[in-house]
Amino acid sequence: MHQPSPTNDINPAALRAIALGLMCIAVLGPFVPLLLWSFAFRWAFPSLLPAEWSLRAWRSIAAPESQVLPALGNSLALGAAVTALATLVSVPAGRALGMYDFRGKRLVEFLILAPVIVPGIAVVLGIHIVFIRYNLTERFLGVALVHLIPTVPYMTLVLASAFANYDAQFEQQARVLGAGPWRAF
């Protein structure tokens, strides 16, 4: 009689579940001390857990004068606006840098990276003078424009590397088959 031999194969579903669990721990783990701090009143260094617990921080957030909800709304609107503006600038720039070789390409790359390369204090002082002149300080548009300074270079570089591996013939094939320019893109 033939007995089935034990297999040493690992179940792929179990392996995925373990990997997902480890990723969740890696991503959410650093937030555990923050959550504990939000309920802690006194928490000295050698103690593993707070000595005294309190809802003081949560009460101050929930208070009507805290302005947490308007601040959250402003942050979400600012993030959406900066993402949209950075996408409008970075997609064409990344496509051009990634797909095409042209004269002055290195100069364009340098100019796009310049705000990240130059020391921050120099960039900020120059921008602040311009923003005062055009009344953009302490305004939503001014804050959005300042957030674009580090966002556009990084987003352009990421998209340029993605477009470097992109085959433009796929778009041509889509156009031949009747797709419009946006759909082909």
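How far apart do the end C-alpha atoms of residues 140–166 lie, and what share of the span is helix and what share strand? The distance is 36 Å, with 93% helix and 0% strand. The model is predicted. The domain assignment splits the protein into domain 1 (13–62) and domain 2 (68–183). Their C-alpha centres are 35 Å apart.

**Annotated spans**

- The unreviewed UniProt entry annotates "transmembrane region" over residues 20–45, 76–98, 110–134 and 140–166.
- Residues 20–45 have end C-alpha atoms 32 Å apart. This span, 20–45, is 69% helix and 12% strand.
- For residues 140–166, the figures are those of the opening: 36 Å end to end, 93% helix and 0% strand.

**Helix 7**

- Helix 7 covers residues 140–164, which is 25 residues. At 1.5 Å a residue it should span 36 Å, and its end C-alpha atoms are 35 Å apart, so the two values agree.
- The helix bends by about 40° at Ile-149. A proline, Pro-150, follows within four residues.
- Its buried residues are Gly-142, Ala-144, Leu-148, Val-152, Pro-153, Thr-156, Ala-160 and Phe-163.
- In an α-helix there are 3.6 residues a turn, so residues three or four places apart point the same way.
- Cover for the buried residues of helix 7 includes helix 4 (68–99), helix 5 (105–117) and helix 6 (120–133).

**Nonpolar core**

- The largest nonpolar core has six residues: Leu-78, Val-82, Ala-86, Ala-144, Leu-148 and Val-152.
- Helix 4 and helix 7 are the elements that give two or more residues to this core.
- Val-152 belongs to this core and to the buried set of helix 7. Beyond its neighbours within four places in sequence, Val-152 contacts Ala-86, Val-89 and Ser-90. Of these partners, Ala-86 is also a core residue.

**Helix 5**

- Helix 5 has 13 residues. From first C-alpha to last it reaches 17 Å, close to the 18 Å expected at 1.5 Å a residue.
- A kink of about 30° lies at Leu-111, shortly before the proline Pro-115.
- Lys-105, Ile-112 and Ala-114 are buried in helix 5.
- The buried residues of helix 5 pack against helix 4 and helix 7.

**A buried arginine**

- Where does Arg-95 sit? Its place is in helix 4.
- Arg-95 has a relative accessible area of 17%; buried means under 20%, so Arg-95 counts as buried.
- Leaving out residues up to four places away in sequence, Arg-95 touches Ser-90, Tyr-100, Phe-163, Tyr-166, Glu-171 and Phe-185.
- Among these contacts, Phe-163 is one of the buried residues of helix 7. Ser-90 is also a contact of Val-152.

**Positive phi in loops**

- Gln-67 is not a glycine, yet its phi is positive, about 60°.
- Gln-67 lies in the loop between helix 3 (56–62) and helix 4.
- Is Gln-67 buried or partly exposed? Its relative accessible area is 46%, and Gln-67 is partly exposed.
- Asn-135 also has a positive phi, near 55°, in a residue other than glycine.
- The loop that holds Asn-135 runs between helix 6 and helix 7.
- Asn-135 has 44% relative accessibility and counts as partly exposed.

Key. Residues are numbered from 1 along each chain as its sequence is written. This is a predicted model: local features need pLDDT of at least 70, side-chain atom pairs count only at pLDDT 80 or more; totals for chains, interfaces and linings use all residues. Side-chain values use heavy atoms; hydrogens and water are left out. The expected span of a helix is 1.5 Å times one less than its number of residues. The bend at a residue is the angle between axes fitted to the seven residues ending there and the seven starting there. Buried means under 20% relative accessible area, exposed over 50%, partly exposed in between (1.4 Å probe, protein chains only). Contact means heavy atoms within 4.5 Å. Domain bounds come from an automatic or database domain assignment. A nonpolar core is a set of buried Ala, Val, Leu, Ile, Met, Phe, Trp, Tyr and Cys residues joined through side-chain atoms within 4.5 Å. UniProt positions are given in the numbering used here, feature names are shortened, and annotations may be inferred rather than shown by experiment.
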